[in-house]
Amino acid sequence: VRTGAAEVMATQPLMRISDYLTMLAEVTLKKVSELAYEQMVLKYGHPADAQGEPVLQPEFVVIGYGKFGGIELSYSSDLDLVFLHDAYPKGSTTGGPRSIENTVFYTRMGQRMVHLLQTQTHSGSLYEVDLRLRPSGSSGMAVSSLRSFETYQQSNAWTWEHQALVRARVICGDERIGHSWTEIRARVLGEPRDNDALKVEVRDMRQKMRDQLGSRDSTQSLFQLKQDAGGIVDIEFLVQYGVLAWSHQFPDLLRFTDNMRILDAFATAGLMAPQDCQTLQDTYLSYRAETHRRALQKQSLLLSQDETSSLGFDARRKNVTRLWQLWLETPAD
């Protein structure tokens with residue numbers, strides 16, 4: 001409530017507002033993780049290592065993707081999460097009323113976290129949770145091992161899943177596992193890729209999203225702020241393409257998960273003209289500010305031509321489209 005008031009009264013800039021909303025989610029998720037682990041231990045005891053000794057701290061991490069991973073949460077955002085463990089795969093819990101396999105323990109812990117986050121109370125629920133970015137998507141395990149995550153990313157993941165990894169980061173959990181996951185992310189994203197093939201795959205996925213989620217307005221009298229050409233997702237895809245294309249040459253592109261600082265990194269590395277970087281950053285912030293305003297008022301992101309013009313989005317949309325064509329529709333050198 002305080003954060004929303006600060007935004008409405010314009011006492012804090014947009015990025016600070018998203019920082020506050022993201023930090024609130026981080027604190028909540030950390031506490032939910034602790035509660036879920038405590039409840040599991042009471043019921044099943046602690047997972048055991050290869051020697052059968054109890055492991056007293058959870059070998060578990062939570063990875064945030066999307067707006068959460070990119071430190072860009074809004075008021076209506078859900079949490080895109082992936083749960084990973086690094087427990088001894090053949091072990092079972094010990095010291096509790098009932099023993100289960102380590103892998104089952106962490107799967108149920110992840111499920112318990114989702115339950116705690118989404119349970120409706122008299123005051124509402126905490127957050128909606130989306131687990132579809134886990135390995136193998138909706139058909140995959142709710143909680144994966146760190147090893148299986150790495151194997152999947154290196155051998156089976158689609159390009160769009162690597163795009164999603166650009167905005168992913170460790171939210172909470174075991175520090176050692178978190179560090180290992182960060183190294184896996186760097187290796188996967190830093191793999192050299194065929195640039196022309198990458199452009200085709202990114203464009204194809206973007207077109208599918210426009211067809212399914214955009215305004216589908218051939219007259220362009222409507223503008224779906226997030227999904228239509230020249231909108232938010234075009235900027236996000238452009239950034240993700242740049243990281244996948246060039247991080248093997250410029251590892252600093254992997255330091256941050258938010259679009260603003262990745263765009264800065266493009267300019268610093270000489271991959272993007274400083275003026276183009278500024279244009280995309282200003283546009284991205286103005287688009288996001290409008291999504292925040294509409295979220296607070298429970299309004300659609302579908303803008304009429306009059307709304308698009310009055311907000312100054314016509315020129316911004318053209319600039320995003322120009323840079324999209326420059327980066328993604330011209331052959332690689």
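Me: Let's start with Trp327: buried or exposed?
Reply: Trp327 counts as buried, because its relative accessibility is 7%. Here buried means under 20% relative accessible area, exposed means over 50%, and partly exposed lies in between, using a 1.4 Å probe and protein chains only. Before we go on, this is a predicted model, where local features need pLDDT of at least 70 and side-chain atom pairs count only at pLDDT 80 or more, while totals for chains, interfaces and linings use all residues. Residues are numbered from 1 along each chain as its sequence is written, and side-chain values use heavy atoms, with hydrogens and water left out.

Me: Cool. How many aromatic pairs are there?
Reply: The count is eleven aromatic pairs. One of them is Tyr241 with Trp327: their ring centres are 6.4 Å apart and the planes stand at 70°, so this pair is edge-to-face. The rule is that rings of Phe, Tyr and Trp (its six-membered ring) pair if their centres lie within 6.5 Å; planes under 30 degrees apart count as stacked, over 60 as edge-to-face and the rest as tilted.

Me: Which helices do Tyr241 and Trp327 sit in?
Reply: Tyr241 is in helix H9 (residues 232-246) and Trp327 is in helix H13 (residues 313-328). That makes it a link between distant parts of the chain, 86 residues apart. Helices (H or I, at least four residues) and strands (E, at least two) are DSSP runs, numbered from the N terminus. Tyr241 counts as buried, with 1% relative accessibility.

Me: What about Phe266 and Trp327, what sort of pair do they form?
Reply: A tilted one, with 5.3 Å from centre to centre and 55° between the planes. Phe266 lies in helix H10 (residues 259-268) and Trp327 in H13, so this pair ties together parts that are 61 residues apart in sequence. Both Phe266 and Trp327 are buried.

Me: Back to H9 for a sec. How many of its residues are buried?
Reply: 15 of its 15 residues are buried, so H9 is mostly covered. From first C-alpha to last, H9 reaches 22 Å, close to the 21 Å expected at 1.5 Å a residue. That expected span is 1.5 Å times one less than the number of residues in the helix.

Me: What lies over the face of Phe237?
Reply: Arg206 does, at 5.9 Å from the ring centre. Likewise, the charged end of Arg210 sits over the ring of Trp324, 5.2 Å from its centre. To count, NZ of Lys or CZ of Arg must be within 6 Å of the ring centre and within 35 degrees of the ring normal.

Me: New topic! How many salt bridges does the structure hold?
Reply: There are 14 salt bridges. Each one needs a side-chain nitrogen of Lys or Arg within 4 Å of a carboxyl oxygen of Asp or Glu. Among them is Glu72 with Arg167, at 2.5 Å from N to O. Glu72 is in the loop between H3 and E3, while Arg167 is in the loop between helix H6 (159-166) and strand E7 (169-173), 95 residues apart. Glu72 and Arg167 are both buried.

Me: And which residue does Arg187 meet in a salt bridge?
Reply: Arg187 meets Glu150, at 2.8 Å from N to O. Arg187 lies in helix H7 (residues 175-189) and Glu150 in helix H5 (residues 146-155), so the bridge ties together parts that are 37 residues apart in sequence. Arg187 counts as partly exposed, at 40% relative accessibility.

Me: How far apart are Asp276 and Arg322, N to O?
Reply: Their salt bridge is 3.4 Å, N to O. Asp276 lies in helix H11 (residues 274-296) and Arg322 in helix H13, so parts 46 residues apart in sequence are tied together. Asp276 counts as buried at 14% relative accessibility, whereas Arg322 is partly exposed, with a relative accessible area of 37%.

Me: Last one: what is odd about the phi of Ala10?
Reply: Ala10 has a positive phi of about 60° although it is not a glycine. You'll find Ala10 in the loop between H1 and H2, and it is exposed, with a relative accessible area of 65%. Ile71 also has a positive phi of about 60° without being a glycine. Ile71 sits in the loop between helix H3 (66-69) and strand E3 (79-85), and it counts as partly exposed at 23% relative accessibility.
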